[in-house]
Amino acid sequence: MIRPTPRRRLAALCTAALTVSLVSATASPALAYNGGQAAQYADKWALTPNTAAYPMFVKNDCTNFFSQAARAGGYPFRNAGKSPAGATSWWFASGSGGFSWANAWVAADGYYSFLFADNPGGSSEGSAPGSSTGYWTPDAMVTGDALFFDWGQGSGVSHVTMQVGYGTDPNSPTWKGNYIDEHTSNRYHAFWSLKPYNALYATTTIYFEHINAGN
């Protein structure tokens, strides 16, 4: 449960040939998206990436990490092995030729667009400035949901984090509220707006995206 109130809901470029096998890297996904299971994966691998099953992108691993967690939460592949650049494709594969993936698996703007294009996908729950210090994200945001960041430097959406709980940021203990897990700067239970860590907080916009449990 993200917030202790009854109103809140409970947690919440294709390089291989046809021989690639699609991987799940964890136990078999659920029949519908389970944000709690996604958050459990994010918590487990926030600080120590799961390199036994997935590649790691040293300079830009945030969406790869989020996608892994979403997959662990049961979000099904879309257009598996096909149309890697398509807005409705989201998948990852492993085979003798190495790893391959859809753009939306590894690119924050691609994943942002995918959640809008997919059905049921996700729903926009508004936005907030990077200077936000309030405890809570919007009520519709639950465990396993996505926070997308536009740093305000002309690149658009370029970062994504997963909401995983509520409490105190372990590395910045004066900050309490909803918290997130993230890569590329690997963080576990960081304050949701990232203001304690974000030098660009004054120009940052955060977009909230609730992932439909029917996926």
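Which elements do the buried residues of helix 1 pack against? Keep that in mind as you load this predicted model, and let's walk through it.

**Stop 1: helix 1.** Select residues 35-45, which make up helix 1. At its start, show Asn34 and Gly36: a side-chain oxygen of Asn34 comes to within 3.0 Å of the backbone nitrogen of Gly36. Now colour the buried residues of this helix, namely Gly35, Gly36, Ala38, Ala39, Tyr41, Ala42 and Trp45. As you turn the view, remember that an α-helix has 3.6 residues a turn, so residues three or four places apart point the same way. To answer the opening question, add helix 2 (62-72), strand 6 (157-168) and strand 7 (176-182), against which the buried residues of helix 1 pack.

**Stop 2: the sheet.** Next, show the strands numbered 4, 9, 5, 6, 7 and 8. These 6 strands form an open sheet in the order 4-9-5-6-7-8, with antiparallel pairing. Its edge strands are strand 4 (122-129) and strand 8, each of which pairs on one side only. Look along the sheet and you can follow the twist, which averages 35° from one strand to the next.

**Stop 3: helices on the sheet.** Bring helix 1 back into view. Helix 1 packs on the sheet, where it touches strand 6, strand 7 and strand 8, and its direction makes about 95° with that of strand 6. Then select helix 2, which also packs on the sheet. The strands touched by helix 2 are strand 5, strand 6, strand 7 and strand 9 (205-211), and the direction of helix 2 makes about 55° with that of strand 6.

**Stop 4: strand 5 and strand 6.** Select residues 146-150 to pick out strand 5, which pairs with strand 6 in the antiparallel sense over 5 bridges. For a landmark here, label Phe148, which stands opposite Val160 in strand 6.

**Stop 5: strand 7 and its neighbours.** Is strand 7 largely enclosed or open? Strand 7 is largely enclosed by the rest of the structure, because 6 of its 7 residues are buried. On one pairing, 6 bridges join strand 7 to strand 6, and the two run antiparallel. Label Tyr179 in strand 7 and you will find Gly165 opposite. Now move to strand 8 (residues 187-191), which is joined to strand 7 by 3 bridges and runs antiparallel to it. Here Tyr179 has Phe191 as its bridge partner. To finish, trace the chain from strand 7 to strand 8: a hairpin joins them through 4 residues.

How values were computed:
Residues numbered from 1 in each chain as written. Predicted model: local features only at pLDDT ≥ 70, side-chain atom pairs only at ≥ 80, totals over all residues. Heavy atoms only, no water. Buried < 20%, exposed > 50% of the residue type's maximum accessible area, 1.4 Å probe, protein only. Contact = heavy atoms within 4.5 Å. Polar contact = N/O pair within 3.5 Å; in protein donor to acceptor, adjacent residues only side chain to side chain. Pairing = 2+ DSSP bridges. Axes fitted to C-alpha atoms, helices over the stretch in contact; angles between N-to-C directions.
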